[in-house]
Amino acid sequence: MNTPSLPPPPPRSALLALQRATHATLHLITTELADLDLTAAEINALANLADGQGRTVSALGAAVGSRPTTLTSVLDRLERRGHITRGRRPGDRRTVLVELTGSGREAAAVVTRTLAGLEDRALAGLSAQDLAGFHAVLEKLVEEGTPT
């Protein structure tokens, strides 16, 4: 009796694997930081402001991988919660500067510690060569997706 053969497995796709990893990571991050009651986008914004340097909306948008118009609602929520302020850069009335407040610095510190712990656990046991390759792939993907 002939048994029907199974179809071949789908080809491995680095992009699909990255997408699955991204969703799993976002779920893990928002679960670990549930006490802060922040969305993944808000966590991302705070993490990118955690160094204490103010950013223009366009620079922050580039750092978080979002258009400034999309980022506006995230910043609105963070501002309502008292985590950021938006003000004008001295000498430039058109440029909006985003900065952390005291509560924003506290939340960003929790975010930074949590992300560092998650990264340490997730990447434990990988060689320096594996990590370098992983970062090279990420950099190429960012480069490919960045408008010229």
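I started with the secondary structure: the protein has six helices and three strands. Here helices (H or I, at least four residues) and strands (E, at least two) are DSSP runs, numbered from the N terminus. From that end, I read the order as α-α-β-α-α-β-β-α-α.

Ground rules, noted early. This is a predicted model, where local features need pLDDT of at least 70 and side-chain atom pairs count only at pLDDT 80 or more, while totals for chains, interfaces and linings use all residues. Residues are numbered from 1 along each chain as its sequence is written, and side-chain values use heavy atoms, with hydrogens and water left out.

Next, overall shape. I looked up the radius of gyration and got 20 Å, against near 15 Å for a compact globule of 148 residues. That radius is taken over C-alpha atoms, and the globule rule is 2.2 Å times the number of residues to the power 0.38. The C-alpha trace spans about 80 × 40 × 30 Å along its principal axes.

Then burial. I found 21% of the 148 residues buried. Buried means under 20% relative accessible area, exposed over 50%, and partly exposed in between (1.4 Å probe, protein chains only).

On contacts (heavy atoms within 4.5 Å), I took those between residues at least 6 apart in sequence: 48% of them join residues at least 24 apart.

Last, one residue. I picked Glu 106, which sits in helix H5 (residues 102-123). Glu 106 counts as exposed because its relative accessibility is 58%. I also checked Glu 106 against Gly 125, 19 residues apart along the chain: their C-alpha atoms are separated by 31 Å.
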